[in-house]
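Student: I've just been handed a protein I don't know yet. Could you walk me through it?

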Amino acid sequence: MDKKKKITLIAVGAVELAIIIFCLITSIMVLTSGYNGKPSSVADKPELIRWLCANPTWFFVLFVLPLIIIFIVDGVYLILYATKRESVLTDDERDAIAEEAKRQAKEEILKELRGEMDNKE
């Protein structure tokens, strides 16, 4: 992996981590501070938390859905990265292995043909 790609992945990971931490902390604050909609239980909370407690649809869209999307995108990227893993063999080694396989296959076919010819006689 080249240096530019590595730096890009680290930057994206840092941004994702910041989003995940912010969404999780905010979600915990909303869920523990009166998500049941009673105005008296959230009176001493910040304005954002009160608004999110009163609007559960926006809470889901702004804080839960991004977490789900991040986890799905990371999972897909991980699967693609794992299946696209580069081979550790060089081109010369691959060519040598292919030539050796061809030679062995040719020898086996010649042995079989010789065995068949001996059986016919």
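Tutor: Here come some questions and answers about this structure. It's a predicted model, where local features need pLDDT of at least 70, side-chain atom pairs count only at pLDDT 80 or more, and totals for chains, interfaces and linings use all residues. Residues are numbered from 1 along each chain as its sequence is written, and side-chain values use heavy atoms, with hydrogens and water left out.

Student: Okay, what pattern does the protein follow along the sequence?

Tutor: Helices (H or I, at least four residues) and strands (E, at least two) are DSSP runs, numbered from the N terminus. The protein has 4 helices and 0 strands. Read along the sequence, that gives α-α-α-α.

Student: Which element gives the largest share of the largest nonpolar core?

Tutor: A nonpolar core is a set of buried Ala, Val, Leu, Ile, Met, Phe, Trp, Tyr and Cys residues joined through side-chain atoms within 4.5 Å; buried means under 20% relative accessible area, exposed over 50%, partly exposed in between (1.4 Å probe, protein chains only). The largest one has 10 residues, including Ile-20, Cys-23, Phe-63 and Leu-67. Helices α1, α2 (47-54) and α3 (56-83) each give two or more residues to this core. The largest share, 4 residues, comes from α3.

Student: Where's the nearest side chain of opposite charge to Glu-16, and how far away is it?

Tutor: Glu-16 sits in helix α1 (residues 3-32). Lys and Arg count as positive and Asp and Glu as negative, while His and the chain ends are not counted. Glu-16 is buried but has no salt bridge (a side-chain nitrogen of Lys or Arg within 4 Å of a carboxyl oxygen of Asp or Glu). The nearest opposite charge is on Lys-5, at 14 Å.

Student: Which residues are linked in a network of salt bridges?

Tutor: Arg-103 meets Glu-100 in a salt bridge at 2.3 Å, N to O, and Glu-107 in another at 2.4 Å, N to O. Glu-100 and Arg-103 both lie in helix α4 (residues 91-120), 3 residues apart. Glu-107 and Arg-103 are 4 residues apart in α4, so they are separated by about one helical turn. The linked residues are Glu-100, Arg-103 and Glu-107.

Student: Is Cys-23 buried or exposed?

Tutor: Cys-23 belongs to the largest nonpolar core. Its relative accessibility is 4%, so Cys-23 counts as buried.
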